[in-house]
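Let's take a tour of this protein, one topic at a time. Keep the 3D view open and find each piece as you read.

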Amino acid sequence: MRRSWIGGFLAGIVLTAFLVTAIGAAFLGTNIHQLTRMFKVAALVKSESLNDVTNQMLIEGMMKGLVGSLKDPYSVYMEPKDYQELEAHMEGSYGGVGIYVGMRDENRLTVVSPIKGTPASKSGIQAGDIIMKIDEVETLDMDMDTAVSMMKGEPGTSVTLSIFREGNHQLLSFEIVREIINIPSVDGEILENEPEIAYVDIATFSYTTTKDLAHLLAELQKENYKGIILDLRNNGGGSLQTAIEVAEFFVPPGPIVHIVDSRSTETITSTKTPLEVPLVVLVNGGSASASEILAGAIKDRDAGTLVGTKTFGKGLVQTIYQLSGGTALKLTTAKYLTPEMIDINETGIEPDVAVELNLETEEDEQLQQAIEILKQAIN
């Protein structure tokens with residue numbers, strides 16, 4: 001009875017077995033014993049597990065296991081809910097607490113930056129905080145997308161984050177009420193006491209950032225500004241393509257970034273004429289990924305002066321592959337190098353002018369330094 005049932009199960013996935021066998025030679029060196037062992041494990045889980053297991057659960061688990069074997073916190077097989085949340089995030093609106101996270105220091109879940117004006121920012125979460133628990137669930141060895149999914153949720157519900165912060169001897173606990181997070185892509189103004197200086201804050205690189213930036217700069221240009229401060233502090237990244245498009249506003253014709261994958265190196269260049277005004281860029285430890293692509297291009301091409309503290313150091317590129325049934329695969333497919341071929345992953349970008357921010361005062365020393373540099377360049 002059991003033998004024929006297992007046979008029926010294996011017959012039900014014979015097409016999958018055929019496909020895996022067809023590609024198995026390439027991935028497993030024609031080791032048929034490993035393939036046989038894989039399907040025996042599947043059959044045993046199906047027949048002997050205490051809990052009911054469907055064929056769909058097994059196949060989904062296999063796909064997650066394939067991606068998990070990479071030990072890459074940025075690569076993940078996404079079920080429909082996770083993929084929808086990612087798309088909503090890139091569109092600039094989602095339900096959650098409002099933080100960017102990354103993996104640092106032996107894959108510890110680390111706050112890259114809180115988003116200005118969100119529940120996380122208001123509650124006191126800071127860049128560099130290590131999230132040890134989410135609602136009492138340990139984050140050690142948790143993949144990043146699972147952690148992000150746990151922090152998102154319906155507006156009005158709460159989530160508790162247990163935080164390790166350098167200099168504190170015990171964990172800090174933050175109970176945060178979720179809200180709809182509308183990420184402000186671009187904001188800016190002419191500085192009140194410096195009418196020749198335009199201040200532009202890019203909070204994230206979403207699908208609308210390029211358009212929003214072009215509109216803002218056109219409006220500010222009516223005031224005849226003579227220099228720009230570009231604030232990338234606590235910008236956790238976003239779309240690679242958007243970062244490249246934004247770089248074309250500021251970087252002269254030539255290389256913006258080198259994309260290195262398993263097959264080749266592609267150099268992305270700008271052919272457009274940039275804004276011809278002095279530029280200062282504010283960066284800190286919350287500037288990551290796409291922010292670092294832009295900051296690295298500006299620094300290496302001498303298009304502006306970087307002021308602040310060292311950036312986060314995420315130089316990996318993820319590609320989203322849409323799959324059937326509303327699922328998707330987010331996979332690390334490349335790394336990027338700055339125009340000078342510098343790999344900044346896990347090292348970050350050092351500013352041209354280092355300025356620490358004193359959190360105990362209300363004065364923004366980094367912004368003040370940027371203003372002074374611009375005033376000298378303008379005059």
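This is a predicted model, and a good place to begin is its open sheet, built from 6 strands in the order E10-E11-E12-E15-E16-E19. The pairing in that sheet is mixed. Strands E10 (186-190) and E19 (353-354) sit at the edges with a single partner strand each, so one side of each has no neighbour in the sheet.

**Inside the open sheet**

- Look at strand E11 (residues 197-202) and strand E12 (residues 227-231): they pair in the parallel sense over 5 bridges.
- If you want one bridge to find on screen, try Ile 197, whose partner in E12 is Gly 227.
- Tyr 199 has its place in strand E11. Is it buried or exposed? With a relative accessible area of 14%, Tyr 199 is buried, because anything under 20% counts that way.
- Leaving out residues up to four places away in sequence, Tyr 199 touches quite a list: Asp 187, Gly 188, Glu 189, Leu 191, Leu 220, Ile 229, Asp 231, Arg 233 and Leu 367.
- One of those contacts, Leu 367, is 168 residues from Tyr 199 in sequence, yet the two are 9.6 Å apart in space, C-alpha to C-alpha.

**Two helix pairs**

- Here's the idea to keep in mind: two packed helices are described by the angle between their axes and the distance between the axes.
- For helix H3 (residues 32-48) and helix H4 (residues 55-68), the axes come within 11 Å and cross at roughly 140°. That angle makes H3 and H4 oblique to each other.
- H3 passes H4 in a right-handed crossing. Ala 42, Val 45 and Lys 46 of H3 make the contact with Asn 55, Leu 58 and Met 62 of H4.
- Sorted by class, the H3 and H4 contact has 4 nonpolar, 1 polar and 1 charged residues.
- Now try helix H9 (residues 240-247) and helix H10 (residues 290-300), whose axes come within 9 Å and cross at roughly 25°. H9 and H10 are therefore roughly parallel to each other.
- The crossing of H9 and H10 is right-handed. In their contact, Leu 240, Ala 243, Val 246 and Ala 247 of H9 meet Ala 290, Ile 293 and Leu 294 of H10.
- The class count for the H9 and H10 contact is 7 nonpolar, no polar and no charged residues.

**Helix H10 and what covers it**

- How many of the 11 residues of H10 are buried? It's 10, so H10 is largely enclosed by the rest of the structure.
- Among the buried residues of H10 are Ser 291, Glu 292, Gly 296 and Asp 300.
- The cover over the buried residues of H10 includes E12, H9, strand E13 (254-260), strand E15 (279-283), strand E16 (305-308) and E18.
- Thr 338 lies in the loop between strand E18 (328-337) and E19. Thr 338 is buried, at 5% relative accessible area.
- Not counting residues up to four places away in sequence, Thr 338 touches His 258, Gly 296, Asp 300 and Ile 344.

**Strands E3 and E4**

- Strands E3 and E4 run antiparallel, with 6 bridges joining them. Arg 104 stands opposite Arg 108 in E4.
- In E4, 7 of the 7 residues are buried, so the strand is largely enclosed by the rest of the structure.
- Between strand E3 (99-104) and strand E4 (108-114) there's a loop, and Asp 105 is found in it. Asp 105 is exposed, with a relative accessible area of 57%.
- Asp 105 and Ile 130 are 25 residues apart in sequence and 9.6 Å apart in space, C-alpha to C-alpha.

**Backbone angles to look up**

- Most residues other than glycine have a negative phi. The next three go the other way.
- Lys 71 isn't a glycine, but its phi is positive, near 55°. Lys 71 lies in the loop between H4 and strand E1 (76-78), and at 70% relative accessibility it counts as exposed.
- Glu 136 isn't a glycine either, and has a positive phi of about 70°. You'll find Glu 136 in the loop between strand E5 (130-134) and strand E6 (137-138), where it is exposed at 58% relative accessible area.
- Asp 302 follows H10 and has a positive phi near 55°.

Key. Residues numbered from 1 in each chain as written. Predicted model: local features only at pLDDT ≥ 70, side-chain atom pairs only at ≥ 80, totals over all residues. Heavy atoms only, no water. Pairing = 2+ DSSP bridges. Helix = DSSP H or I, 4+ residues; strand = E, 2+ residues; numbered from the N terminus. Axes fitted to C-alpha atoms, helices over the stretch in contact; angles between N-to-C directions. Parallel < 35°, antiparallel > 145°, perpendicular 65-115°, else oblique. Left-handed = near helix turned anticlockwise from the far one by under 90°. Contact = heavy atoms within 4.5 Å. Nonpolar A, V, L, I, M, F, W, Y, C, P; charged D, E, K, R; others polar. Buried < 20%, exposed > 50% of the residue type's maximum accessible area, 1.4 Å probe, protein only.
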